[in-house]
Amino acid sequence: AYMGNARRDDLLRKTAAQTNAYTDFNHTVFFANCSTNEALRHPNYFEMMLSALHTVLTGPLSPSRLEKERRAVLSELAMVNTIDYRREVRILTALHDGTMLPARFPIGL
């Protein structure tokens, strides 16, 4: 679980919400997925989700926490580091020659 915190843990315990994150070439996206049925059962569901995401984005970021998240991103990169991925990186590097994007490969380093 990314950037765990008490509010997020409480949200997951009380509801069927799911949270995750991913990093693409330009952004890291943190998201929460919720069912409308759960929202109907919990009157303050949306506020709970926003509060949980808010603490992820505004909580303290210690060097050890940052390193833990960096290792998670690099682990995910290792799982997708296939010949197809390397070919896609080469194509994107050629397409974006002269921009900052090729300098960011692989993401997380």
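This passage describes the overall make-up of a predicted protein model, and then its nonpolar core and two of its helices.

The protein contains five helices and two strands, and, read from the N terminus, these elements follow one another in the order α-β-β-α-α-α-α. Of its 109 residues, 25% count as buried, while the accessible surface of the protein comes to about 7900 Å², with 59% of that area belonging to carbon and sulfur atoms. When contacts between residues at least 6 apart in sequence are considered, 56% of them join residues that are at least 24 apart.

In soluble globular proteins, nonpolar side chains tend to be buried together. In the present model, the largest nonpolar core is made up of six residues, namely L11, A17, Y45, M48, M49 and A52. Helix α3, which covers residues 45-58, supplies the largest share of this core, with four residues. One member of the core, M49, is in contact with L11, A17, A32, N33 and C34, when its neighbours within four places in sequence are left aside.

Helix α3 has 14 residues, which at 1.5 Å a residue should span 20 Å, and the distance of 20 Å between its end C-alpha atoms agrees with this expectation. The buried residues of α3 are Y45, M48, M49, A52, L53, T55 and V56. Seen down the axis of α3, these buried residues fall within an arc of 155°, and they therefore line one face of the helix. The face of α3 turned away from this buried side carries the exposed residues F46 and L57. L57 counts as exposed because its relative accessibility is 58%, and the cut-off for an exposed residue is over 50%. Although L57 and F30 are 27 residues apart in sequence, their C-alpha atoms are 8.7 Å apart in space.

Helix α5, formed by residues 83-95, has 13 residues and reaches 18 Å from its first C-alpha to its last, which is close to the 18 Å expected at 1.5 Å a residue. Within α5, the residues Y85, V89 and L92 are buried. Their directions, seen down the axis of α5, fall within an arc of 70°, so the buried residues line one face of this helix. An α-helix has 3.6 residues a turn, so residues three or four places apart point the same way. The buried residues of α5 pack against α4, which comprises residues 63-80, whereas the face of α5 turned away from its buried side carries the exposed residues I83, R90, A94 and L95.

Methods. Residues are numbered from 1 along each chain as its sequence is written. This is a predicted model: local features need pLDDT of at least 70, side-chain atom pairs count only at pLDDT 80 or more; totals for chains, interfaces and linings use all residues. Side-chain values use heavy atoms; hydrogens and water are left out. A nonpolar core is a set of buried Ala, Val, Leu, Ile, Met, Phe, Trp, Tyr and Cys residues joined through side-chain atoms within 4.5 Å. Buried means under 20% relative accessible area, exposed over 50%, partly exposed in between (1.4 Å probe, protein chains only). Contact means heavy atoms within 4.5 Å. Accessible areas come from the Shrake-Rupley method with a 1.4 Å probe; for residues, only the protein chains shown count as cover. The expected span of a helix is 1.5 Å times one less than its number of residues. The arc is that of the directions from the helix axis to the C-beta atoms.
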